[in-house]
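Let's get to know a protein chain by working through a few exercises. Each one has a task, then a solution in small steps.

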Amino acid sequence: MALTVVGVRHHSPACARLVEATLRELRPRFVLVEGPSDMNDRMDEMLLGHELPVALFTYRQDADGRSRSSWSPFCAYSPEWVALTVGREVGATPLFIDLPAWHPAFEGEENRYSDRHVRASDSLVETCARLGFENTDALWDHLFEQPRANGIGDLRAALASYFEAIRADEPPGPRDLPREDYMARYVAWALAEAGEEHVVVVCGGFHEPALLRAIEANEANEAKRASTSRHSRPSLEALPDGTRVGSYLVPFSFRRLDSFAGYASGMPSPAYYQAVWDEGPEAAAERMLFTAIRHLRKKRQRVSPADAIAASTLARGLAAVRGHDALSRIDVLDGLAGALVKDALVEPLPWTRRGVLSARTEPMLAEVVHAFAGFKIGTLHRDTPRPPLVHDAVAELERIGLPLTRQTVRAKAKLTDPDGARKSMVLHRFRVLGIPGIALARGANLSRTKTDLSEEWTVTHMLETDPALVEASLYGATLEGAAQARIEEESRGAADVGAIADALERAAACGLRTLTEGGLADIARRVGTEPSFAALGRALVKLLALRRGELVLGARGQSELPKVLEACFDRGLWLFEGMHGPDAALDSDHIAAVGALREVLRETEDADGTMSTRALECCERRSRDAAAPPALRGAALGFLWSMRRDEHDTALPHELLAGDHEDADANRTIAVLRAMARPSSFGDFLGGLFALGRAEVVRSPALVSTIDASIKGFLPEDFMIALPALRQAFGYFPPRERLAIAEAVLALGGKKGHDPMILLRAPADSGALEAGAAIEKRVATIEARFGLGAAKEPS
């Protein structure tokens, strides 16, 4: 049996060199590579001559609409890629031997080449701790990426021992066993086909021991199976009816490949390891040290020649202490950190752990990590097949007069014009799929007071546009079908009616009438049991926008929309009245929901006045309810006051509006305001009032006077308690109205005509004032304890 199994770590230059040397030495009949066997008939496409990195994107969409996808990335120093290219170069037949990524064994696996076994191995973690390495990446570099005195043969033996230890420590999971069984059967077939010729297998090191044992166990029965296995490869089970699968090559980037960006497999710092592959460890370390320094200087970081010399000196000193013949990645990174970071670190050095960089990472070190990751983006050969969605999407853009170009094009879409409406629908479908390069610069203004049914977009053919379209092909072969499937997927996981309304809005913007009708029906079914007032408020906002803008495609006067609005309105009133908590802080989502209820009342035909009556009576009760949250009491008063003012703009029954209510509303508000003038709740109450009755407050000098007097009546320590919520409350006023209030307050204090900006420019940060007040209080407490605060007798 002429079989050689080379266990590798994915994206390791050392393993890639071992694979190349083995293939050139043995010149085998078959090179069997851990990878998706459904791509074997497309091996010519894989090896067209792409500029790496690239990735094989695979998707699966089941008949029930569920979908998933995964990637198999390749770069120049990936052992699997070297096996394919060098194998063909030496006359071998390269073949993938693993299950396809759409197989159930890959359920939940985003990256085929995950190194989760290496990272989960308890023995490796213990070894790292014993030898002083922060993680398995540093240990790997120390053991295998250094130059080896005894050459490739020594590396092969060391790797075999390493992977055997991992396999003994980390048992295979349920997704490993079916894959290894399939690969073992593929190897058995290749051995029968090759006869006396060599067969080389390149697979993840975790699988190497299992494959060797499986082949040895099967060797005794090989003669019996030869007649059946010699002429047929292992087959796959048929897919269930209605299941769609597909695989396409896409350009990839070093940034996406980097573990610091969240990639789960292989090695970190791809630009560094690309340099190791191109130039060897010593030259790569020197090059990347100065690459990082140049990158920092481009980012306007001051790195002097002395700093560069210090970083290089430190790195070499660390390499000597660690017993490295050549500088390793960690030596260079630690040298840069030691020379460039002058202050204490809030977070540990980022390369001491795996995962996305923390937001608290030292900015200079974050840029060093980015430099080591690199900025290279792969390019596919021009003859690479693309999925139908890419062609359909490009054609759709051309049909609306916006062909993709590298130059950014600004486009305006008037929704009242048929061509503009078509343009908007197409661009929104791109937006739903999250395609880079298609951006909404300004949306339509669908407010009650000013409706502008036009949008502004920017369209650019970015480097990321085509890969994103390929990845979106899992949702369908056309732009319309893919957008519909994407929205349906979101709707299935909707947690509340607010999320359903979000999907409904997107469906309407995309011109998907079937989804729009289905979304309205779904909201109608679920609204009666919706427990979240905030979610209901979000739903009302979206539904009102649809009604104002006539965004429901072809459904002018849509019969179901008013019914759904009224059902949401009724449920909203019920939830509004059921909220309690006299100490509850202001919740901006709840305030927005009260505002949405008011907007429904303003814009809905209420001929018999029943909706108005229910709403006003509910707000009357809420405003007087001492158990209600302060902000909602204020919002209820603002609701009542603003609706009285809308007498000529609403369908409120005449008897509810008869008489001069302006003074009555102000007096009622002032009475409640005085009762609420407590430091802990006053600001929250005002926030609710201002959010719903902003214009009414500005026009009521009596109310402004009462607010001013209430605040002046607070003790200094009480004022500091109330200050944050007060600042939040007055934030509801735009600058012009804040100026009017300031002028009114100056007039109340006998300073009419003074510059109102003296009240609007805070002399110090409120946080600093609050901290200062707390210090003064502690000092006063200490003085009282030791008798230092008593007034001195006059001399």
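The exercises below go from the whole chain to single residues and ring pairs.

**Before you start**

This is a predicted model, in which local features need pLDDT of at least 70, side-chain atom pairs count only at pLDDT 80 or more, and totals for chains, interfaces and linings use all residues. Residues are numbered from 1 along each chain as its sequence is written, and side-chain values use heavy atoms, with hydrogens and water left out.

**Exercise 1. The whole chain**

Task: Find out how many helices and strands the chain has, and what share of its residues is buried.

Step 1. The chain has 35 helices and twelve strands. Both are DSSP runs, numbered from the N terminus: helices are H or I with at least four residues, strands are E with at least two.

Step 2. Of the 795 residues, 52% are buried. Buried means under 20% relative accessible area, exposed means over 50%, and partly exposed is in between (1.4 Å probe, protein chains only).

Step 3. The accessible surface adds up to about 36,000 Å², and carbon and sulfur atoms own 52% of that. Such areas come from the Shrake-Rupley method with a 1.4 Å probe; for residues, only the protein chains shown count as cover.

Step 4. Now take the contacts (heavy atoms within 4.5 Å). Among those with a separation of 6 or more, 75% are between residues 24 or more positions apart.

**Exercise 2. Two covered helices**

Task: Work out which residues of helix 3 and helix 12 are buried.

Step 1. Helix 3 spans residues 79–89, and eight of its eleven residues are buried. They are Pro-79, Glu-80, Trp-81, Val-82, Ala-83, Leu-84, Val-86 and Gly-87.

Step 2. Look just past the end of helix 3: Gly-91 follows, with a positive phi near 90°.

Step 3. Helix 12 is largely enclosed by the rest of the structure, because eight of its ten residues are buried. Those are Pro-270, Ala-271, Tyr-272, Tyr-273, Gln-274, Ala-275, Val-276 and Trp-277.

Step 4. After helix 12 comes Gly-280, and its phi is positive too, near 95°.

Step 5. Zoom in on Gln-274, in helix 12 (residues 270–279). Its relative accessible area is 10%, so Gln-274 is buried. Skipping residues up to four places away in sequence, Gln-274 touches Ala-76, Tyr-77 and Phe-254.

**Exercise 3. Neighbours in space**

Task: Say what Phe-430 and Asn-135 touch.

Step 1. Phe-430 belongs to helix 18 (residues 418–432). Phe-430 counts as buried because its relative accessible area is 1%.

Step 2. Leave aside neighbours within four places in sequence, and Phe-430 contacts Ala-393, Leu-397, Ile-435, Ile-438, Leu-469 and Leu-479. Also, Phe-430 and Ala-482 are 9.4 Å apart, C-alpha to C-alpha, with their positions 52 residues apart in sequence.

Step 3. Asn-135 lies in the loop between helix 5 (122–131) and helix 6. A relative accessible area of 9% is why Asn-135 counts as buried.

Step 4. Not counting residues up to four places away, Asn-135 touches Cys-128, Trp-351, Thr-352 and Arg-353. Arg-354 is 219 residues from Asn-135 in sequence, yet 8.1 Å away in space, C-alpha to C-alpha.

**Exercise 4. Rings**

Task: Sort two aromatic pairs by how their planes are set.

Step 1. Know the rule: rings of Phe, Tyr and Trp (its six-membered ring) pair if their centres lie within 6.5 Å; planes under 30 degrees apart are stacked, over 60 edge-to-face, and the rest tilted.

Step 2. The whole structure has 18 aromatic pairs. In one of them, Phe-57 and Tyr-59 sit 6.4 Å centre to centre with 35° between the planes, a tilted pair. Phe-57 and Tyr-59 are both buried.

Step 3. Trp-140 and Tyr-162 have ring centres 5.4 Å apart and planes at 70°, so that pair is edge-to-face. The pair links distant parts of the chain, with Trp-140 in helix 6 (residues 136–145) and Tyr-162 in helix 7 (residues 151–169), 22 residues apart. Trp-140 and Tyr-162 are buried.

Step 4. Finally, ring pairs join Phe-30, Tyr-182, Tyr-186 and Trp-189 into a cluster.
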